[in-house]
Amino acid sequence: MSKKRNKRQDKKPDFLADLNAGILDDLTERGRISNAAGLAGELTELEEVTDICGLRFNGYLAKIETKRPSGIIDEIIVAFTEAAVDRGKTGDGLRLENYFLPGSRLLISGRQQALKDFKSGKVLVFILAEYIGLSPKAMLQNDIALVGELKYKPTHRETPRGKRISDIFVEVKNVLTGTSCYIPCICWQENADEVAGWLPGDKVKLLGRCQSREYMKDAETGREVKTVYEISVSFIKRTGEAGNEIKDNHK
């Protein structure tokens, strides 16, 4: 028996990677959709708005909580208009705040977006919902699939606990402006090592989940608690380098 055959037999299949690739293909309909978000969680806040980060938007901003497998709660911001709301039969004639009550489980589909407020300099990372409705029996869900390009060179670092991290920004279409927006994503361990050497303009596709995390920041009034919203990446693949396509073995 040849050494080549032995090596092939000893290699274990990566079932998790194959599973994630399959989910990614399903969410993006095998590349026909470049940005897909599926979410189910509990409503904690609902606000009617006339703008988002200074951009005119007549609709609502909601905060949704959903739980990670580890039990940690993530807060996710969702923007939507009345056209996206599925009221069913029971919601006819009710004001939305009397129909979407705190604690309601909502099922949401849409696209991941980011928008900068040029007055404050803050960036809002949110899901722009194309569908949102009550779904009391829906299983908790938090899936984001993106196909786009790296905007900046990845930043690779290690946490005090020894976890390796790479921060990336993926450029996708901004649905509200027709231009581009940059989605902050965080890769872990082997994924972090893999993307560390990638370059701006590289084409990627990834699967992850919306994540919120708090950190302390020094301010004039003392140390303040800030919240970061980003995509925690579970699967990522580079599909092109500076305009050169790479064969995708998952298709």
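This passage walks through the strand pairings, aromatic contacts, salt bridges and enclosed spaces of a predicted model.

The strand pairings at the start of the sheet come first. Strand β1 (residues 35–52) and strand β2 run antiparallel, joined by 9 bridges. Across this pairing, E47 sits opposite L61 of β2. The hairpin that links β1 and β2 has 2 residues between the strands, and C53 in this hairpin takes a positive phi near 55°. From β2 the pattern carries on to β3: these two strands are also antiparallel, with 8 bridges between them. Here A62 stands opposite V78 in β3. The hairpin of β2 and β3 has 5 residues between the strands, and in this hairpin G71 is the residue with a positive phi, near 100°.

Aromatic side chains turn up in the β2 and β3 region too. The model has 5 aromatic pairs. One of them is Y60 with F80, a stacked pair with ring centres 5.3 Å apart and 20° between the planes. Y60 belongs to strand β2 (residues 55–67) and F80 to strand β3, so this contact ties together parts that lie 20 residues apart in sequence. Both Y60 and F80 are buried. Another stacked pair is made by Y99 and F100, at 5.4 Å centre to centre and with 25° between the planes. Y99 is buried, as is F100. The two pairs are not separate islands: Y60, F80, Y99 and F100 make up one aromatic cluster.

Charged contacts are next. In total, the structure holds 14 salt bridges. One of these joins K63 to E45, with the closest N and O atoms 4.0 Å apart. K63 is in strand β2 and E45 in strand β1, so the salt bridge ties together parts 18 residues apart in sequence. K63, at 25% relative accessibility, counts as partly exposed. E45 is partly exposed as well, at 44%.

A salt bridge also links E130 and R111, whose closest N and O atoms are 2.9 Å apart. E130 comes from strand β6 and R111 from strand β5, so parts 19 residues apart in sequence are tied together by this pair. E130 has a relative accessible area of 48% and is partly exposed. R111 is likewise partly exposed, with a value of 30%.

For R164 and D193, the closest N and O atoms of the salt bridge are 2.9 Å apart. This one connects a strand with a helix: R164 lies in β9 and D193 in α4 (residues 189–195), so the pair ties together parts that are 29 residues apart in sequence. R164 is partly exposed, with a relative accessible area of 24%, and D193 is partly exposed at 36%. Elsewhere, E48, R95 and E97 are linked in a network of salt bridges.

That leaves the empty spaces. The largest pocket takes in about 1,100 Å³. Its lining is built from 39 residues, and L115, G121, K122, V123 and L124 are the ones that lie nearest the centre. Several strands contribute: β5 (105–116), β6 (123–134), β9 (164–173), β10 (180–188), β11 (203–219) and β12 (222–241) each give at least two residues to the lining of this pocket. The biggest share comes from β12, with 6 residues. By class, the pocket lining splits into 20 nonpolar, 8 polar and 11 charged residues.

The structure also holds 1 cavity of 30 Å³ or more. The space in the largest cavity comes to about 70 Å³. Its lining consists of E75, I76, I77, Q112, V125, F126, I127, C210, Q211, Y229, E230 and I231. Strands β3 (73–80), β6, β11 and β12 each supply at least two of the residues in this lining. The cavity lining has 8 nonpolar residues, along with 2 polar and 2 charged ones. Some strands serve both spaces: β6, β11 and β12 each give at least two residues to the lining of the largest pocket and at least two to that of the largest cavity.

Technical notes: Residues are numbered from 1 along each chain as its sequence is written. This is a predicted model: local features need pLDDT of at least 70, side-chain atom pairs count only at pLDDT 80 or more; totals for chains, interfaces and linings use all residues. Side-chain values use heavy atoms; hydrogens and water are left out. On a 1 Å grid over the protein atoms alone, a cavity is a set of points where a 1.4 Å probe fits but cannot get out, and a pocket is an open set with protein on both sides within 12 Å along at least five of seven lines; lining residues have an atom within 4 Å of a point. Grid points are joined across faces, edges and corners, and a volume is the space filled by probe spheres set on the points. Helices (H or I, at least four residues) and strands (E, at least two) are DSSP runs, numbered from the N terminus. Ala, Val, Leu, Ile, Met, Phe, Trp, Tyr, Cys and Pro count as nonpolar, Asp, Glu, Lys and Arg as charged, and the others, Gly among them, as polar. Rings of Phe, Tyr and Trp (its six-membered ring) pair if their centres lie within 6.5 Å; planes under 30 degrees apart count as stacked, over 60 as edge-to-face and the rest as tilted. Buried means under 20% relative accessible area, exposed over 50%, partly exposed in between (1.4 Å probe, protein chains only). Two strands pair if DSSP finds at least two bridges between them. A salt bridge is a side-chain nitrogen of Lys or Arg within 4 Å of a carboxyl oxygen of Asp or Glu.
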